[in-house]
Amino acid sequence: MKVAAAAATGAGVVEVKLELEVASAPPEPAAAPTEREAKRRRVHVVPGPPGRRVQAAAAVQRLFQACRHVFRGPGTVPKPAGVQLLRDMLDRMRPEDVGLSPALRYFRTRDATQGIPTITHTTIYKCPNFSMVILFLPRNAVIPLHNHPGMTVFSKLLLGSMHIKSYDWVDPEPDPSASTCSSSSSSDGQLRLAKLVIDDVFTAPCDTSVLYPTTGGNMHRFTAIAPCAILDVLGPPYSIEEDRDCTYYTDIPYTRHLMAADDTSDDLNGVDVEQSQGRLAWLKEIDMPTELKMCSVRYGGPPISDK
C-alpha cells in the first residue's frame with residue numbers, strides 16, 4: 001500500500017494526532033445490533049468477558065513475533081512455511097484483536113460524509129524488515145491502482161466489504177534495452193501489459209490474501225463498498241531511500257490500444273492472447289492522484305512489546 005510512502009513524502013497526506021476509538025475504551029452509547037443486522041453486516045460483535053482484552057493483546061503480540069521470525073529483510077521473500085504461518089494467524093485475527101468493533105461510530109454507514117472520503121491509517125509497528133498497518137476506508141473510498149516493489153504483502157479484511165481489482169505484469173522483468181510485445185508506446189506515454197488476477201467483491205470475515213514481489217496481484221486497487229478496516233502486513237515496508245517507493249497506474253483495456261503489426265503474437269510469456277483478451281490490460285504510470293486524501297492516527301489498540 002501507499003500508506004508508508006505517502007506518510008514519508010507528505011504528498012496528499014495530513015499528519016494528525018488523534019486517538020483511535022478502540023474496544024478497550026469506554027464504548028459509545030449505542031443500540032446493540034439486531035441479529036438480522038449482524039448477519040447482514042457479517043461482522044463479529046465484540047464480546048464482553050474480562051479475559052478478552054488479554055486474549056487480544058496475546059493475538060497481536062503473537063503476530064508481531066511471527067513477523068519478526070518470518071521476514072528476513074529487503075531482497076528476500078518469506079519461505080512457504082513462513083507464508084502459511086502468517087496466513088493462518090491472520091485468518092484467525094478478529095477486529096477486537098486490534099481494538100476494533102463494528103459498533104464504533106467510524107463504521108456506521110449513516111455517518112458517511114459528503115465529498116471525497118478520507119482514508120485513515122495507523123501503524124501498529126514498523127521496522128526495516130516489516131510493518132503492521134491498519135487501513136480505514138469510509139464507504140466509497142478508493143485506494144488507486146498501485147504497486148508493491150520488492151514486497152510480500154498480507155492483507156486481512158477485518159470489517160466491511162470492498163471491491164478488489166489486481167494485476168500482475170505479463171512480463172515481470174522486461175529488458176529495457178529490448179523491444180518486447182509486452183510493452184508499447186502511445187501518444188499518452190509508455191504502456192505495459194498486465195494480466196488481471198482478481199476482480200471481485202470481498203466481505204469480512206474472509207481469508208487473508210497474499211501478494212509477492214512479482215505475483216499474486218502486485219498492483220491492486222481497493223474500493224470500499226461499506227466502511228472497511230484492513231490489517232496489512234508488509235515485508236519489507238515502503239521506503240523511498242531503499243528504492244521501494246509506490247507507483248500509481250491507470251488501466252486501459254487491451255483492445256483500446258492494439259500492438260503494432262510486427263509485435264503481434266498469439267503467445268505472450270505463456271499468456272494466450274486470443275483466449276485472455278478479457279483479462280489483459282495496459283497499465284500506464286501516473287502521478288499520485290490529487291483526489292487521494294489520507295491522514296494518519298495514533299494506534300490505540302492492544303500494545304505489543306519488541307523486547
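This passage walks through the predicted model, from the overall fold and its confidence to one well-covered strand and the salt bridges around it.

Starting with the big picture, the chain comes out with 5 helices and 14 strands. Of its 307 residues, 46% are buried. The surface adds up to about 15700 Å² of exposed area, and carbon and sulfur atoms supply 51% of that. As for how the chain meets itself, contacts with a separation of 6 or more come mainly from far along the sequence: residues 24 or more positions apart account for 85% of them.

How far does the confidence carry? The mean pLDDT of the chain is 78, with 67% of the residues at 70 or more. Residues 1-48 have a pLDDT below 50, although this stretch still has 92 contacts in the model beyond near neighbours in sequence. Another weak spot is residues 260-264, where pLDDT stays under 50 and the model has 4 contacts beyond four places in sequence.

Strand E9, spanning residues 219-235, is a good place to look at the sheet pairing. E9 is mostly covered, with 14 of its 17 residues buried. Among its partners is E5 (residues 152-169), which pairs with E9 in the antiparallel sense over 14 bridges. Within that pairing, His 163 sits opposite Thr 223 of E9. E3 (residues 131-137) also runs antiparallel to E9, and 7 bridges join the two. Here Phe 136 faces Ala 229 across the pair, Ala 229 being the E9 residue. E4, a strand of residues 142-146, pairs with E9 as well, again in the antiparallel sense, this time over 3 bridges. His 146 stands opposite another histidine there, His 220 in E9. In a regular strand, side chains alternate between the two faces of the sheet.

On to the charged pairs. Side chains of opposite charge can pair when their charged atoms come close. The structure holds 4 salt bridges. One of them joins Arg 221 and Asp 251, with a 3.0 Å gap from N to O. Because Arg 221 lies in strand E9 and Asp 251 in strand E10, this pair ties together parts that are 30 residues apart in sequence. Both Arg 221 and Asp 251 are buried. Asp 251 also meets the side chain of Lys 165 in a salt bridge, at 3.5 Å from N to O. That second pair links distant parts of the chain, with Lys 165 in E5 and Asp 251 in E10 (residues 248-253), 86 residues apart. Put together, Lys 165, Arg 221 and Asp 251 form a network of salt bridges.

Another salt bridge connects Arg 94 to Glu 96, whose closest N and O atoms are 3.5 Å apart. The two ends of this pair fall into separate burial classes. Arg 94 has 32% relative accessibility, so the residue counts as partly exposed. Glu 96 counts as buried because its relative accessibility is 5%, under the 20% cut-off.

Finally, a look at helix H4, which covers residues 80-92 and includes Pro 80. With a relative accessible area of 70%, Pro 80 is exposed, since the cut-off for that class is over 50%. Pro 80 and Val 70 are 10 residues apart in sequence, and their C-alpha atoms are 9.9 Å apart in space.

Definitions and conventions: Residues numbered from 1 in each chain as written. Predicted model: local features only at pLDDT ≥ 70, side-chain atom pairs only at ≥ 80, totals over all residues. Heavy atoms only, no water. Helix = DSSP H or I, 4+ residues; strand = E, 2+ residues; numbered from the N terminus. Buried < 20%, exposed > 50% of the residue type's maximum accessible area, 1.4 Å probe, protein only. Contact = heavy atoms within 4.5 Å. Areas by Shrake-Rupley, 256 points an atom, 1.4 Å probe, with all protein chains shown as cover. Pairing = 2+ DSSP bridges. pLDDT = per-residue confidence, 0-100.
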